[in-house]
Amino acid sequence: MRVSTICLRCRLAALSTVLSLVLVTPALAIDFAHEVVPILRAHCVKCHGGDEAKGGFSLNTRKLFLEGGAAEPGNAKESHFLELIASPDNDMQMPPKDLPRVPADQRRILARWVNEGLPWTSGFTFRENSYVPPLLPRQVNLPGPVGLNPIDQILRKHFKEAGLVPPKPVDDSTFLRRVSLDLVGLLPTQEQRRRFLASENANKRQVLVDDLLGRDVDYAEHWLTFWNDLLRNDYTGTGFITGGRKQISKWLYRSLVENKSYDQFARQLISPPDNDSRGFIDGIKWRGTVSAGQTVEIQFAQSVAQSFLGINLKCASCHDSFIDRWKLTDAYSLAAVYSNRPLDIHRCDKPTGEVATPAWLFPELGEIDTGLPPNERLKQLADLMTDQRNGRFARTIVNRLWAQLMGQGIVHPLDAMHTEPWNEDLLDFLANYLVESGYNLKAVLRLIATSAVYGGVSEVLGNDPASTEHVFVGRRAHRMTAEQFMDAVWQLTGAAPATIDAPVARGKADPQSAAQVNLQAEWVWGQSQSGGKPAPAGETLVFRAELRVPAEIKTGVAVLTVDNAFDLYINQRKVVSGDEWSKPQTVALSKWLKVQKDDTEPANQIEIIARNAGSGPNLAGLFFEAHLTLENGAKITLASGPNWSYTDEEQGRKRLRSGKLVGPWKKVVSAGRPAVYAGVDAALQNGLARGKAGDLMMVRAGLVKSDFLMRSLGRPNRDQIVTSRPADLTTLEAIDLSNGETLARTLQLGALRYAESDLSDRQVVQEIFIGALTRPPTNAELSVGLDALRMASVEGEPGDAADLSSRETAVQDLLWAVFMMPEFLMVR
């Protein structure tokens with residue numbers, strides 16, 4: 001087996017770099033709040049915490065702990081305090097001989113804590129915390145000079161007071177790559193790079209930021225990852241098969257594409273107007289017996305508090321919190337707002353005999369009316385949460401946005417908003433700016449991305465990743481997310497999957513495109529509406545049609561709606577449901593339809609179970625229209641009309657159980673295009689136009705189910721809310737990047753694309769470097785790349801199969817080496 005030069009020079013070097021990073025960056029597995037704090041509080045704080053510092057030693061903060069010289073992070077054997085708590089010497093031992101000793105199992109926990117770097121929850125102190133985070137908004141007087149970005153005005157003062165020099169601006173290529181990945185999650189194309197670098201506009205960085213934020217679909221499909229993590233939404237996983245969990249993907253996608261105001265966004269999640277956004281508050285209904293702290297009611301309290309207020313109620317859901325002020329009753333009172341039954345309070349899974357009273361965490365802004373039913377209580381909660389007097393709501397989200405772009409929050413950790421920010425003026429100004437902009441999240445992102453500090457050189461971190469001491473000196477470089485990494489690799493290799501898993505219609509149609517869509521379908525129903533009669537209430541029918549697809553699909557989209565509800569099946573697979581006829585559903589068809597290469601292969605089966613509602617006879621109808629464009633240029637339309645057929649509900653149920661079509665099938669009754677349904681025409685046209693545009697875009701990693709590679713790169717399973725992904729490399733990740741099948745297959749496809757092109761060796765190397773790093777290769781990089789490609793060409797005659805295979809392998813190794821460069825893996 002041939003091993004190319006680039007493989008020897010780069011693959012081993014890159015792998016050793018990745019593995020060395022793994023070895024110096026251990027995963028922090030210890031639970032400081034629940035494992036370490038109770039031990040220190042029980043045995044050490046009385047003499048060395050709070051206002052006490054016997055022997056000159058205080059453990060109030062991590063900094064004081066280390067200054068006392070009692071611990072050596074990463075080395076339990078050299079940590080003096082561990083010797084003292086284990087010592088049999090009555091004069092040396094700690095705690096002193098008249099106090100209970102630290103049990104052996106707890107000493108092992110402390111040793112593990114030290115060996116893992118002495119991790120400490122940021123902002124935590126054993127001293128009574130004197131900082132009380134404000135609830136109400138606070139006005140900030142900008143220090144000037146006028147005309148400077150407000151962020152830079154505030155930080156100019158910060159740098160001066162800290163004796164620091166503001167970071168110098170990065171070059172245009174670095175800024176272009178950085179802001180493109182941060183705002184839309186994609187690498188800039190070579191044409192975008194050429195135009196940006198050639199521009200002499202003094203404000204071209206601001207223009208670039210506006211252009212990126214104006215790419216509504218790219219923006220939405222990138223930030224979908226952030227919100228899926230924060231709202232524990234996914235396309236597969238625990239609860240979906242059993243019906244104990246519902247997606248909010250359609251609602252979330254539309255909200256991001258439309259840039260829905262954040263106050264409205266939150267209200268629709270807390271008090272859902274329909275089922276599209278209800279999955280967030282309903283959480284996961286776990287199978288079997290669950291602890292009291294994992295009921296759907298408690299999940300509601302935890303999710304709302306964490307997502308919108310930066311408050312972690314997980315501790316307080318079991319007992320009064322060790323690390324902040326929240327009590328067990330606070331968590332249960334918030335849970336009771338959602339609950340439709342009396343909610344018994346449990347402490348550590350044991351009932352206390354008390355019943356929770358509906359209330360929210362900040363009654364000073366208003367109280368919940370306990371006499372109202374759950375849905376009305378949720379409306380009250382949504383109003384209180386988004387009340388402009390609730391400064392905590394705005395502060396929490398702008399802190400998260402700052403962390404996404406700048407590498408770390410103004411308050412850290414992100415879910416410890418009781419912690420003092422490193423700059424209160426900056427946090428409060430951004431929160432006020434969000435409110436004044438009409439809760440426009442893009443406006444806040446624009447303000448950050450156009451600041452000089454965002455465009456400055458990134459901070460280089462020290463050697464102690466567990467340190468909680470933070471002085472802001474500039475933006476921190478951060479790792480690509482799993483989704484950003486895959487999108488970037490797919491951009492360069494052309495190996496993106498053909499279909500998405502998210503049940504969304506991609507894209508955003510402009511009004512002109514929608515208006516040009518000519519609807520051809522008719523509204524249909526069963527014989528019960530013949531002669532203009534209304535259909536019986538509760539009538540359920542199964543409609544069917546066949547669709548032959550003779551070539552690969554380039555774009556395919558369908559719109560449908562039923563007065564009153566429906567379930568759509570394609571080839572026996574359930575695709576989508578709907579229960580509000582005034583809101584038609586749009587479906588991307590590519591992943592559901594099969595290609596019929598000849599007449600012997602069965603056609604695609606389209607079945608729709610349609611239900612009429614109401615208390616008496618009323619008008620019912622079904623509308624379905626699909627538009628397909630095939631790779632050979634052919635166009636196909638499937639539209640509901642007189643040629644469709646239907647059967648009754650019982651026959652439909654037999655069909656679904658057996659997988660075989662059964663009859664008798666009857667011809668539908670067409671109502672044409674009745675005026676009563678004309679109000680949804682615009683929505684139907686928009687769905688078809690948007691779906692056509694969406695099918696032409698590269699599939700994004702945020703729209704597909706997680707695979708092994710993305711999981712090893714840090715994509716969570718989203719059974720729990722995730723507000724920040726781990727920054728540490730893992731051994732699993734290093735192995736998967738070096739030898740994983742998924743990445744290897746992607747590289748093979750990309751290498752074939754380059755190997756079969758008419759590009760010269762020099763052009764291949766330059767295109768890969770410019771595409772991946774937004775800069776040309778250095779002379780040394782170019783030389784290594786050219787040597788590898790030329791050596792591959794020597795192994796076979798030009799143009800023969802061996803030559804192509806050798807070149808393909810060399811390109812594959814070159815791609816791998818570039819993808820493993822820290823410069824590629826980081827958003828610098």
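Okay, let me start with one residue, C348, which is found in the loop between β1 and β2, the latter being residues 350-355. Keep in mind that this is a predicted model. What caught my eye is the backbone: phi of C348 is near 50 degrees, so to speak on the positive side, in a residue other than glycine. Just for background, most residues other than glycine have a negative phi, and most peptide bonds are trans.

Now, is C348 buried or exposed? Neither, really: C348 comes out as partly exposed, with a relative accessible area of 43%.

And since we're on a cysteine, how many disulfides does the structure hold? Zero. C348 itself is in no disulfide, and the nearest cysteine sulfur, at 3.8 Å, is that of C318. A pair of cysteine sulfur atoms has to be within 2.5 Å to be called a disulfide here. C44 is unpaired too: the nearest cysteine sulfur is that of C47, 8.8 Å away. C44 is buried, with a relative accessible area of 14%.

Right, back to positive phi for a second. L118 has one as well, about 60 degrees, and L118 is not a glycine. You'll find L118 in the loop between α6 and α7, where α7 is residues 150-162. How accessible is L118? Relative accessibility is 0%, so L118 counts as buried.

While we're on backbone oddities, there are two cis peptide bonds I want to show you. One runs from M94 to P95, with omega near -5 degrees. P95 sits in the loop between α5, residues 80-86, and α6, residues 104-115. The other joins H412 and P413, and there omega is about 0 degrees. P413 is in a loop too, between α18 (391-406) and α19 (424-436).

Next, a helix: α16, residues 328-338. Nine of its eleven residues are buried, so α16 is largely enclosed by the rest of the structure. The buried ones include L328, A331, Y332, L334 and V337, and there's a serine in there as well, S333. Y338 is also on the buried list. So to speak of neighbours, what do the buried residues of α16 pack against? Three helices and a strand: α14 (279-282), α15 (296-309) and α17 (374-385), plus β1 (344-347). And β1 takes us back to where I began, as C348 is in the loop that follows, between β1 and β2.

Okay, zooming out to the whole protein. We have 31 helices and 16 strands. The radius of gyration is 30 Å, close to the 28 Å that the globule rule gives for 828 residues, so the protein is as compact as a globular protein of that length. Along the principal axes, the C-alpha trace spans about 100 × 80 × 60 Å.

How much of the protein is buried? Buried residues make up 53% of the 828. On contacts: take those between residues at least 6 apart in sequence, and 72% of them join residues at least 24 apart.

Then the surface. The accessible surface comes to about 36,700 Å², and 52% of that belongs to carbon and sulfur atoms. As for charges, there are 92 positive and 97 negative, and their mean positions are 2 Å apart.

That's my tour, thanks.

How values were computed: Residues are numbered from 1 along each chain as its sequence is written. This is a predicted model: local features need pLDDT of at least 70, side-chain atom pairs count only at pLDDT 80 or more; totals for chains, interfaces and linings use all residues. Side-chain values use heavy atoms; hydrogens and water are left out. Helices (H or I, at least four residues) and strands (E, at least two) are DSSP runs, numbered from the N terminus. The radius of gyration is taken over C-alpha atoms; the globule rule is 2.2 Å times the number of residues to the power 0.38. Buried means under 20% relative accessible area, exposed over 50%, partly exposed in between (1.4 Å probe, protein chains only). Contact means heavy atoms within 4.5 Å. Accessible areas come from the Shrake-Rupley method with a 1.4 Å probe; for residues, only the protein chains shown count as cover. Lys and Arg count as positive and Asp and Glu as negative; His and the chain ends are not counted. The place of a charge is taken as NZ of Lys, CZ of Arg, CG of Asp or CD of Glu.
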